[in-house]
Amino acid sequence: MRSGSIVPALLAAALAVGCAPSKPPAPAPSARVRILAPARGATVRVPFVVRVSAIGVEVAPSTGYREPGKGHHHLFFDADLTPEDQAVSRTEQIVHLGTGDSTYTVTSLAPGRHRLILRLADGLHFPIPYVATDTVTFTVVQ
């Protein structure tokens with residue numbers, strides 16, 4: 001065996017015994033949503049307006065079916081995210097902005113510290129996996 005062929009032979013042997021390179025990590029989200037208001041750490045009084053935006057994806061009304069590159073906002077008030085393989089739940093703590101709006105007026109929320117998570121979902125309310133979520137905490141005072 002020539003010395004120049006030892007590296008390919010060692011690589012072939014390593015692959016044969018299961019030392020193949022590991023699967024590459026999943027790509028980072030290519031689009032994101034952002035909570036513009038309330039600001040992180042803000043103190044607000046009810047009523048107040050939540051303002052949101054999206055970058056790298058189109059916000060559109062919910063159509064009842066999936067449209068590539070389009071989705072609508074969901075606001076999670078003090079609620080954990082719905083798993084990515086399930087439609088976003090419908091509870092008192094989760095607001096669906098199915099009309100494609102980017103604002104929501106909060107008219108009732110108890111005083112105290114709150115967490116708001118923003119997630120984009122498709123026309124069937126399934127989270128869009130390539131869109132990063134955003135989270136803010138804020139305080140409601142009387």
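I began with the largest pocket of this predicted model, and I noted a volume of about 180 Å³ for the largest pocket. I then listed its lining, which consists of Phe77, Asp78, Glu92, Gln93, Val95, Tyr104, Val106, Thr107, Ser108 and Leu109. Sorting the residues of this lining by character, I found five nonpolar, three polar and two charged.

Next I turned to the nonpolar cores. The largest nonpolar core holds 22 residues, and I recorded Phe48, Val50, Leu75, Phe77, Leu116, Val131 and Phe138 as the members that touch the most others. Strand 1 (31–37), strand 3 (48–55), strand 5, strand 6 (94–97), strand 8 (112–121) and strand 10 (134–141) each give two or more residues to this core. I also found another core lying apart from it, made of six residues, including Phe76, Ala79, Val88 and Ile94. Phe77 thus appears in my notes both in the pocket lining and in the largest nonpolar core.

I looked up His73 as a single site and placed it in strand 5 (residues 70–77). His73 has a relative accessible area of 1%, and because buried means under 20%, I entered His73 as buried. Beyond its neighbours within four places in sequence, I listed its contacts, among them Val33, Val52, Val95, His96, Asp101, Arg119 and Leu120.

Last, I traced an open sheet of four strands, in the order 7-3-1-9 and with mixed pairing. Strand 7 (103–106) and strand 9 (131–132) each have a single partner strand, so I marked both as edges with one side left without a neighbour in the sheet. Strand 1 and strand 9 run parallel and are joined by two bridges, and I noted Ala132 in strand 9 as the bridge partner of Arg32.

Conventions
Residues numbered from 1 in each chain as written. Predicted model: local features only at pLDDT ≥ 70, side-chain atom pairs only at ≥ 80, totals over all residues. Heavy atoms only, no water. Buried < 20%, exposed > 50% of the residue type's maximum accessible area, 1.4 Å probe, protein only. Contact = heavy atoms within 4.5 Å. 1 Å grid on protein atoms, 1.4 Å probe; cavity = no way out; pocket = protein on both sides within 12 Å on 5 of 7 lines; lining within 4 Å. Points joined across faces, edges and corners; volume = space filled by probe spheres on them. Nonpolar A, V, L, I, M, F, W, Y, C, P; charged D, E, K, R; others polar. Core = buried A, V, L, I, M, F, W, Y, C linked by side-chain atoms within 4.5 Å. Pairing = 2+ DSSP bridges.
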